Protein chains: 2
Amino acid sequence: MAYRALNHDTVVDYLRGVPALAEVIDLGAPLHAREVGDGNLNLVFIVENGNAAQSVVLKQALPYLRVAGESWPLTRERMRFETQALLKHNELAPGLAPQVYHFDDEMSLVVMENLSGLEVMRKPLVGRQRFPNFADHISTFLARSLFFTSDFYLTGLEKKELQAKFINPHLNKIQEDFVFTNPFMTSPENNWNPLLDAEVQAVRRNSELKLALAEMKASYMTHAEALIHSDLHTGSIMANATETKVIDPEFAFCGPMGFDVGAVLENLVLNCLSHFAHTPDDEERRAYQNYLLDLVRAIWEQFAAKFDALWVENNRGELMPAAYWDYPGGDAAFAEFRRRTLARILHDTAGHGGAKMLRRMMGIVSVWDITSIADPAQRAVAERLAIRIGSRWVLERNGIERVDDLIAIVREEAGITP
Amino acid sequence: MAYRALNHDTVVDYLRGVPALAEVIDLGAPLHAREVGDGNLNLVFIVENGNAAQSVVLKQALPYLRVAGESWPLTRERMRFETQALLKHNELAPGLAPQVYHFDDEMSLVVMENLSGLEVMRKPLVGRQRFPNFADHISTFLARSLFFTSDFYLTGLEKKELQAKFINPHLNKIQEDFVFTNPFMTSPENNWNPLLDAEVQAVRRNSELKLALAEMKASYMTHAEALIHSDLHTGSIMANATETKVIDPEFAFCGPMGFDVGAVLENLVLNCLSHFAHTPDDEERRAYQNYLLDLVRAIWEQFAAKFDALWVENNRGELMPAAYWDYPGGDAAFAEFRRRTLARILHDTAGHGGAKMLRRMMGIVSVWDITSIADPAQRAVAERLAIRIGSRWVLERNGIERVDDLIAIVREEAGITP
């Protein structure tokens, strides 16, 4: 079927023509569709048939991305990357990504599980909600999706097959431009709080910082370590008290693992800083900020422990075969190889996390946690801290020995006591 | 035309059926073909028509690679990678690779320039021949083939297109196994001088060295910096006093630049060590060994200068746009980015060069420079030094600040005075 954008009428006709969906939703019942996407990037329809247990989401790519008020053509192939990645996540981290029911490449659409009862995390985090299973779930997602797509698990041939399937130039380009480059130079789409003019200009003229950001961009572009989500902020995670689902993996490609881990941690830090405005009560604020910093620690520590355990239990990859470590002292060397690998992922977590923290303050996309602070002066408090913390994460990345070093930078700059 | 292996009769019929070749060789004249390949990997025919100025080489892939006495199936697609890379090298480094006249994917063959009058470099280097243009030519080849296929020159989209075209899993796997893994563990195809048993076992049990080798393998597998030749030893270079041509790029893929630079330098060092046996006269030996070490210095220094100059003159790549450095002090930061990048390539040159030096001593493939030393005790002199030097290049790589540091290790271990 030739590509055409669907609307809330045609989407119903389309779904009735997909018999495989009958297992999920009674297509004979009256179907009702509503568009819930923001309309900038994709169409997103929730389709229901009156039975609360039966509904699906249909997501269709539009052939453009509307940014900064102008139209940016964007290949529709991103829906293929999203579907491939969703299937991979379901396979590797069952229960932690929405199920895929149907994919139509020509129409650039995917039909998937409707995550009713779960909420995108940003708003509940601003509302000081706690997620008792989040550290466990997201660390499992990270450890499993990264380990099982890395050279520590895959053979050389398997890895290249995966890499070929996820060569994703157009979505890469968005991150190359809008994470690592444009925010740090003059570019018309950049957007920042005018109260931060001095800080923003200082970042753009800080040579040591810009050299470090260029190195992080080189890492993003050339270090094909594992299949990464590549946009794993708290707006790409839906959760409630019991469940967690990672959504929107259209940016997926083989890149540096620290980019994903860093995205999760830095978004929790940005939310933490937003509470200087959102939570005026000192005690209440301090408690929730400490909850978030504990979450940062728990996510890294659980991720590292799970990644290491998976590696010990499944050491079948190209890097390195068990026989390579089969000599007196080889066990200790294998353990040291794992330790050094995780230390390097932590350095990258700091570097990529810091870069992304900075770009949220002075690039095209901000985070709702902070833009929802109405008063510019109050907003500037959180933003100034984010610039200081992001800069230090980037600059000090190779000296970071444990996650507590990252947290200590947040505490020092923001004055958050335990 | 369905694949069939050609012989010296059918190759002539095949060529007569390719009208495009008429521009290179008179197909109406009586053609004479002889097979000159070693028969293990590819068929190589030189086809002549009696006119000394008119001849071509036809190279055809066989569907297997015969190693260690057993048959190893190998996809014929390697001829496509070789042809693609030859075309790229001709485009980027004109005159430094054989010209391509015809490619037939079905038949897995390429027809190219016959490099009569040039010789594979190993034997003339053993014969103490000097190549007055070699440092200039090979440094130009390295600088141009690497810079113009890197993210410093290509846009993000161009680089991914190149990368997709050169996903080369089966040939990668040969290097992954036989450069970085099998030589350093028990594996039936490994081969070494029995006089070196103790040294070989010591390498296989040296945890610090094995950790470093694992890091170099990770670099080879995941650092997609530029289109590298990926097998650039002196057996892949043909030369005479005036010309230099790089051949056999079937291993080409997007990998770490230091792997190519390291291959050239370490093969010159291995040849240098071979003269302890090949050149008994002290004065004559010292002179040629110093010639080779000067060549190592000249190649690196000219490579670095040319790479840097190309970057300054052609700064259009994704890493980083000129506008990124457009601020007071930005010129110095851009210069520092180039300096750090070349410093990193030198570290990788040491690490990959050292790894390859070691594997030649204890893996499946040796180098003729050294195996041509008939007396095992004399051979062991060169081999022991190669193991010591290779180990130090790998272990000390991140402390190497200039090429003279690499040369100093060779001088110290081998006792070669200037």
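## A well-covered strand

Strand 3 of chain A, residues 55-61, is largely enclosed by the rest of the structure, because six of its seven residues are buried. Burial here means that 20 or more other C-beta atoms lie within 10 Å of a residue's own. Keep in mind that this is a predicted model. For context, buried residues make up 50% of the 418 in chain A.

## The five-stranded sheet

Strand 3 belongs to an open sheet of five strands in chain A, with the order 1-2-3-7-6 and antiparallel pairing. Which strands stand at the edges? They are strand 1 (32-35) and strand 6 (100-104) of chain A; each has a single partner strand, so one side of each is left without a neighbour in the sheet. On average, neighbouring strands of this sheet are turned by 20° against each other, direction ignored.

As general background, strands of a sheet pair through backbone hydrogen bonds, either parallel or antiparallel.

## Walking across the pairings

Start at the edge: strand 1 of chain A is joined by four bridges to strand 2 (residues 42-48) of chain A, and the two run antiparallel. One residue pair to look for is A:A33, which stands opposite A:V47 in strand 2.

Next comes the link between strand 2 and strand 3 of chain A, again antiparallel, with seven bridges. A:E48 has A:S55 of strand 3 as its bridge partner. These two strands form a hairpin with six residues between them, and in that hairpin A:G50 takes a positive phi near 90°.

On to strand 7 (residues 109-113) of chain A, which is joined to strand 3 by five bridges and runs antiparallel to it. If you want a pair to click on, A:V57 stands opposite A:M112 in strand 7.

## A three-stranded sheet and its helix

Chain A also has an open sheet of three strands, in the order 8-10-11 with antiparallel pairing. Its edge strands are strand 8 (119-120) and strand 11 (244-246) of chain A, each pairing on one side only. Strand 8 and strand 10 (residues 237-239) of chain A pair in the antiparallel sense over two bridges, and A:V120 stands opposite A:M238 of strand 10.

What lies across strand 10 and strand 11 of chain A? That's helix 4 (residues 134-147) of chain A, which runs at about 30° to strand 11.

## Chain A as a whole

Zooming out, the secondary structure of chain A comes to 14 helices and 12 strands. The C-alpha atoms fill a box of roughly 65 × 60 × 40 Å along the principal axes. A compact globule of 418 residues would have a radius of gyration near 22 Å, and chain A agrees with that at 22 Å.

How much of the contact count in chain A comes from residues 24 or more positions apart? Those pairs account for 75% of the contacts with a separation of 6 or more.

## Two copies, one axis

Now for chain B. A turn of 180° and a shift of 0.0 Å along the axis lay chain B on chain A with an RMSD of 0.1 Å. That is the relation of a two-fold axis. In chain B, the C-alpha nearest the axis belongs to B:H223, 2.4 Å from it. Both copies use the same surface, as 100% of the contact residues of chain B recur in chain A.

Note on methods
Residues numbered from 1 in each chain as written. Chains lettered and ligands numbered in written order. Predicted model: local features only at pLDDT ≥ 70, side-chain atom pairs only at ≥ 80, totals over all residues. Rg over C-alpha atoms; globule rule 2.2 N^0.38 Å. Buried ≥ 20, exposed ≤ 12 C-beta atoms within 10 Å, placed from the backbone. Contact = placed C-beta atoms within 7 Å. Least-squares fit on C-alpha atoms with pLDDT ≥ 70 in both. Pairing = 2+ DSSP bridges. Axes fitted to C-alpha atoms, helices over the stretch in contact; angles between N-to-C directions.
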